[in-house]
Amino acid sequence: MSNGTSNRVFYSYIALLLLNTIALTGYLILDIVLVINSPIFPEFRVDSLSVSNLSYTYPNFTVSGNWNARLSVRNPNKKFSISYNLVQSTLVYEPKSSQVYEPEFISEIGIPDFNQSMRNETFIDAAFAVSDAYRSMSLGYINVDSRVSFVVKFLGRIKFKDGRGRLVKDYWGRDALKVHCEGLVVSLASSHSGASISGKLVEPRDCNIL
């Protein structure tokens, strides 16, 4: 092989390497741009959860009580606003021993639609309640002056819009927003009359986006 042919092969190889490097760099830059310009999911935190008028009736195993939760929802996006629609919130009791009782559904409510501007923080009040018609076995084993754990869940449609109000992302159906606020430990005590139990959240808890 002549020197001229060897040089052409060498320069062709170098050119091919440069083209591949440029292509890979371009894809990397594109991925970074897409990540930077993609909406970020909101951040949920349970700031407070109170229990009041909790009572249990034997032998009918009926429960009545009220749970009031206050949550903060933060939009971390600098470029996108968020709309929340058809949000359902569920309250679940977590028994200490899963071998005896499974986590128990207590109540479900609807959350009014709301919007969040960029970098905005919104507070949500969720009030759950059950009456004497509600039957439960596991809640009957809650003791006064004890700590119990609850879970608050959210499921709903969210839409991200840019600064001009144009739709960027729409999550609904199977892709709907799913939020689990677990390990909400409430410290209980008997009421002044002694006829019911009340309690408050021990400490705020961050929630997980599923």
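**Strand pairing, core and disulfide in the predicted model**

Val 87 stands opposite Ile 111 in strand E4. The model is a predicted one. The pairing of E3 with E4, which spans residues 104-111, comprises 7 bridges. These two strands run antiparallel.

E3 covers residues 81-94. Two further strands pair with E3. Strand E7, residues 147-161, is joined to E3 over 12 bridges in the antiparallel sense. Within E7, Lys 153 is the bridge partner of Thr 90. Strand E5, residues 114-116, also pairs with E3 in the antiparallel sense, here over 3 bridges. Tyr 84 stands opposite Phe 114 of E5. E3 is mostly covered, with 10 of its 14 residues buried.

In a regular strand, side chains alternate between the two faces of the sheet.

Tyr 84 also has a place in the largest nonpolar core. This core has 42 residues. Those with the most contacts inside it are Trp 67, Tyr 84, Phe 150, Phe 154 and Cys 181. Several strands give two or more residues to the core: E1 (43-57), E2 (62-74), E3, E4, E6, E7, E9 and E10 (197-201). Nonpolar side chains tend to be buried together in soluble globular proteins. Leaving aside neighbours within four places in sequence, the contacts of Tyr 84 include Pro 42, Phe 44, Val 73 and Leu 177. Phe 114, Gln 116 and Asp 113 are in contact with Tyr 84 as well. Arg 157 and Ile 158 complete the list for Tyr 84.

Thr 122 shares some of these neighbours. It lies in strand E6, residues 121-135. Thr 122 counts as buried because its relative accessibility is 17%, and buried means under 20%. Two polar contacts involve its side chain. One joins the side chains of Thr 122 and Gln 116 at 3.2 Å. The other links the side chain of Thr 122 to that of Asn 120 at 2.8 Å. Beyond four places in sequence, Thr 122 touches Leu 71, Ser 72, Val 73, Phe 114 and Gln 116. Val 73, Phe 114 and Gln 116 thus appear among the contacts of both Tyr 84 and Thr 122.

The disulfide count comes to 1. Cys 181 and Cys 207 form this link, with their sulfur atoms 2.1 Å apart. The link is right-handed, with 100 degrees about the S-S bond. Cys 181 lies in strand E9, residues 177-190, and Cys 207 in the loop between strand E11 (205-206) and strand E12 (208-209), so the pair ties together parts that are 26 residues apart in sequence. Both cysteines are buried. Cys 181 counts as buried because its relative accessibility is 0%. Cys 207 is buried too, with a relative accessible area of 12%.

Strand E9 also holds Leu 188. Leu 188 counts as buried because its relative accessibility is 4%. Its C-alpha atom is separated by 8.1 Å from that of Val 51, although the two residues are 137 residues apart along the chain. Val 51 is also one of the residues that Leu 188 touches, not counting those up to four places away in sequence. Under that rule, Leu 188 touches Ile 142, Asn 143, Asp 145, Ser 146 and Val 148 as well. Ile 197, Ser 198 and Gly 199 are further contacts of Leu 188.

Notes:
Residues are numbered from 1 along each chain as its sequence is written. This is a predicted model: local features need pLDDT of at least 70, side-chain atom pairs count only at pLDDT 80 or more; totals for chains, interfaces and linings use all residues. Side-chain values use heavy atoms; hydrogens and water are left out. Helices (H or I, at least four residues) and strands (E, at least two) are DSSP runs, numbered from the N terminus. Buried means under 20% relative accessible area, exposed over 50%, partly exposed in between (1.4 Å probe, protein chains only). A polar contact is a pair of N or O atoms within 3.5 Å; within protein, one must be able to donate a hydrogen and the other to accept it, and residues adjacent in sequence count only if both atoms are side-chain atoms. Contact means heavy atoms within 4.5 Å. A disulfide is a pair of cysteine sulfur atoms within 2.5 Å. Two strands pair if DSSP finds at least two bridges between them. A nonpolar core is a set of buried Ala, Val, Leu, Ile, Met, Phe, Trp, Tyr and Cys residues joined through side-chain atoms within 4.5 Å.
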